[in-house]
Amino acid sequence: MRKARHLFGICALVLSAGLAPRSASAQDLVLNEAGYFETQGVNYLVFSNWYDGLFADAKISGVEIVQRDWRTVTNGDVRLSATPGQWDPIGRMIDRTVDPESGAIEVRLEYPGHDFRYRIRAERRPGGAIGVAVILDEPLPAALAGRAGFNLEFLPAAYFHRSFMADGIGGTFPLHPSATMVASGERLPSSGRDVGPGAEALPFASGRTIVFAPEDPARRVTVTSKGAPMNLYDGRNQAQNGWFVLRSELPSDRAGRVVEWTIRANGDPDWIRAPVIGHSQLGYAPAQAKVAVIELDPNDRPTGPARLLRVGADGTLTTVLEAEPEPWGRYLRYDYRRFDFGAVRDPGIYLLEYGGTRTATFRIAPDIYAEAWHPSMDVFLPVQMDHMFVNEAYRVWHGDPHRDDARQAPLDHEHIDLYRQGPTTDTRFAPGEHIPGLAVGGWLDAGDFDQRTQTQYAVVRSLVDIWERYRPERDTTWIDQQRRRVELHVPDGRPDILQQISHGTLQLAAQFDAVGHAVHGIVEPDVAQYTHLGDAGSKTDGLVYDPSLAPGEEQGGRSGTPDDRWAFTSRASALNFGSIAALAAASRALRGHDDRLAARSLEIARRVWTEEQSRPPFTFRHGNTTGGPLDTEEFTAAVELLIATGEREYADRIAALWPALADRFPTHAVLAVRAMPHMPASFRGQLETATRTYAAGAAERLRANPYGVPITEGGWAGNGAVIQAGLLDYALHKAFPQIVDGSAVFRALDYLHGTHPGHDLSFVSGVGTRSKEIAYGSNRADFSFIAGGVVPGVLIVRPDLPENSESWPFFWGENEYVVNMGPAYVALVHAAMDLLGEVRPE
C-alpha cells in the first residue's frame, strides 16, 4: 500500500528526450522506438512496466492502454483469480522481446511455484487494434484449472456514468460495487476481511464482444475474444482499490494460443492534447522569477503569443504581457516551451493563456507565502497525530487510536509493509507479549496507520529546525496530552510547533524506556488491519490482548481479539542514531516549554551515543524501516548532539566521518552546514570547496528537464527530492551566498504548486487556487483530501508518460500523503520567506 517516503536524497534521473513523435497520419499502429504501439490518441504498452516490488500490485504492469494520454487500462496478464487483491500471486517476468520488423512484442512469464510458464504476445491489427494471445507450450497444470485466466483491468473512474455492451446487450457501469457475491470457502489472507468466509464476485456481464463506453469516443474500447467467452467483474467488491476486470479463463486441456483477444481502443487522427500551462497555483512574490512551462502534444503547432492577463474587480481581463514562449525541446513524450513573465511585479490577480488554454487565477503579492504553510501545520499534522482524539468543529477525524499498543512481533516474520523481525526479539518480551508504555505520541505515518520510526524522527528534526531558524509562534490547535484530545482551529496559548515536537518526542523516548533501543516501527499485524480505511480509532478495540480470553471477549480492560499493533524490535544502530539525533534536537527546542521532557531527551541521547560508541554496531537491515546508511545516521546524531552540548567529542566524530561522507555531498551538506559554526575553521574550508564543486554542476542539472528540479524515476514519485533540492540550495546559500544563489527554493515551490508535467494542480492539498482534491490519505475511500498534505507527485510510467491521477486516489506512488513531507514543505516555505525578507504574520 505505499510509500517510499524517503526518496529525500537528491537524485535526478534524466530520461531520454529523443523519442520519435507519435503518429498523426493514420489509425494504423506504429511500434515506436520507445517499445510500445501507438496511433494518434492511443498507446498500447505491453509490459513496459512491471509490478511494484515494494508493495505488490500497483496497477502499473502488463498490457496497458493510454487513451488520449490517460492511462485507463492496466494489468493485462494471467492471474489466478477473477478479482485479485494487491498481494495475490503474480507471474514472474522471464524476458521481453520487442520485434519492430514484425510489429510484435512477446513476453515470457512464469509462476515458478506451480511449474507454469506462459507467453503473452501482442501484435498489430488493422484499424488501430492489437491482438493479444496467451500461448502455452504445455497444457495448464491441473492445480490451476479453473483458477488461471487472462485478466485486463479497467480504471473505474474512467467509466463512471458510462455504459457498456456485452454481445449487444447494454448495461451501466456501477458507481459503487454491488455485485452478487458467492461464498468461496476459506477466506484468503489477501482479502482484507478478518471475519466470515471467503467470497467471490459473480460477473456483471459476459460475452465474446465487450464494448466499454460505446457512447464516448474518448473512452471507447472494444474487446473481442476469438474463442473463450469473457466475463466482466467489479474488483471493488474485494477492495476499494480494485478495478473493473475483464477475464477469459484459460482452458485446462489445450496448449498453443489458448486465449486470443482483439483490443481496439478508439483513436482519433485529429485529436491533439490541449496545452498544459504549468504555473504556480499559489502565485508569486514580486521579486522572484516567474516562468510558466508549457507542455505540448508533439503534434501540436500552436501559433501566437502566450499572454499574462490581469483580472479587474469588474471581471475585465487586461493583457499586461504577451510574447512568444521560448522553445525548450522534448522531454518524455511532450514538447516544451517557457514563458518568462518575471518582469511583471505589480500585485494583483492574474491568469495565463496560450494555445486555447486558460489557467485558473493566481496572485502576485509580497506576502504570497505568508499563509501557504498554515494548512500543513493547522490541519494535516494534527490529523496525523496518533494516540489522540482529533476533532475539527463538527467533524471527528479519528478517535483515540491504538491504546492497546503494542505486542512484540513474532520471530523471523516479514511484514507486507517492509518491516521484518529477526531471529530474536532483542527485548525482554516474548513474541506476542504486550510491551507496555508505547501507546503515546507519534504520528500516523501516511495514508495507513503505522508508526515508522524513521519517519517519526525525520518529522521531529524538521520541526526543530523550523523552530530554531524562524521561531513561528502560530497557535491555532488545542492539544491536551493528558486528555489525549486535539481540537483544530482552537488556540491554547502555546506554539503549535512546540507541541508537535513534544508529541513526536514522547514516542521516541517511550521506545527507549520500553525496550532499551529504537524500534523499527509499530504496525498492523495482518492484511485485514493494514487495509483499514476511515477512523483510526476504530481499527483496534483499544484493549490489550489477552490470549486466555476468547475472540471478542473482554474482561478487566483486556480483550481476546488479537488486533493490537506489533512492534518490530530487532536492534539496528542506524535507528538508534537517527532517534537520538531527534531527541538531542528536541531537547533544545523544548527547553522552557517542557523542561522535563527536554532533560529526559538529552539524557537518552547522550547515554545511547555512549553505548553505541562502546561496541560494534548492530547492522540488522530490512526494507526502508531500519534507518538510513549507518554513517549518515551517526553523523546526524553527532551534529545534533554537538549543537545541543557543544562538547568536543561530537565535533571530533564529525571530523572523522566527514571525508567519507563528502563523496555524497548533497545528502549531507545541510547537516554539515548546521555543524559548521561549532567546528574548527578548517571544516568551513572543506565545505566551501565541496560547495564550489557542487555548484559547478548546477547548469547541467538545470538542463535535465524544463522545470529545473530533480524529477525522479521509480515506483514512488519524487516531490521529496524536489523539496530537499530546494532546502539544500537554501542551506548552501545561507552559508556561501557568493557561490549559491538560493533560486532552487523558488523552483521547488513553483514545481510543488503546479509547474510540473502532466497537469497544473498544486501538489499541496488546499494550497493554491486548484490543488489535489483526491489523494491517498486515511479518507481516500471517500475520494477526498486532507488540507496541507503533500502528495508524492508525478510518477513516470515507463517509458515516457508523466502521471499524477486526480481521478483515482489509490495510486500510492503518486497520491499518498506521508507525514514527513508536511514539515519539509513548511520548512521550504519559510526558506522562501526568509530569502524574500517577507514579514511572517502568524
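## A strand pair in a predicted model

In this predicted model, Tyr233 has Val245 of strand E19 as its bridge partner. The two strands concerned are E18, residues 230-234, and E19, residues 244-249; they run antiparallel and are joined by 4 bridges.

## Confidence

The average pLDDT of the chain is 94, and 95% of the residues reach at least 70. Residues 1-26 have a pLDDT under 50 throughout, and the model gives this stretch 103 contacts beyond four places in sequence.

## The sheet of nine strands

Strands E18 and E19 belong to an open sheet of 9 strands, ordered E1-E2-E3-E4-E5-E10-E19-E18-E15 and paired in the antiparallel sense. Its edges are formed by strand E1 (30-31) and strand E15 (205-207), each of which pairs on one side only.

Within the sheet, strand E5 covers residues 70-79, and 9 of its 10 residues are buried. On one side, E5 pairs with strand E4 (residues 63-67) through 4 antiparallel bridges, and Val63 has Gly76 in E5 as its bridge partner. A hairpin is formed by E4 and E5, with 2 residues between them; Arg68, in the turn, has a positive phi of about 55 degrees. E5 also pairs with strand E10 (residues 149-154), again in the antiparallel sense, over 5 bridges. Here the bridge partner of Arg79 is Gly149 in E10.

## Nonpolar cores

The largest nonpolar core contains 144 residues, and Tyr369, Ile501, Ile580, Phe635, Ile654, Leu687 and Tyr825 are those with the most contacts inside it. Beyond its neighbours up to four places away in sequence, Tyr825 touches Ala372, Trp373, Ser376, Ile723, Leu749, Leu752, His753, Val764, Val767 and Val790. Another core, of 58 residues, lies apart from the largest one; among its members are Val63, Leu140, Phe173 and Val221. Val63 thus appears both in this core and in the pairing of E4 with E5.

## The surroundings of Thr625

Thr625 is placed in the loop between helix H7 (595-613) and helix H8 (630-645). Is this residue buried or exposed? Thr625 counts as buried, because its relative accessibility is 0%, and the cut-off for that class is under 20%.

The side chain of Thr625 reaches the backbone oxygen of Leu418 at 2.9 Å. A polar atom of the same side chain lies 3.4 Å from the backbone oxygen of His622. Leaving aside residues up to four places away in sequence, Thr625 touches Asp417, Leu418, Tyr419, Arg452, Gln454, His520 and Leu575.

Conventions. Residues numbered from 1 in each chain as written. Predicted model: local features only at pLDDT ≥ 70, side-chain atom pairs only at ≥ 80, totals over all residues. Heavy atoms only, no water. pLDDT = per-residue confidence, 0-100. Contact = heavy atoms within 4.5 Å. Pairing = 2+ DSSP bridges. Buried < 20%, exposed > 50% of the residue type's maximum accessible area, 1.4 Å probe, protein only. Core = buried A, V, L, I, M, F, W, Y, C linked by side-chain atoms within 4.5 Å. Polar contact = N/O pair within 3.5 Å; in protein donor to acceptor, adjacent residues only side chain to side chain.
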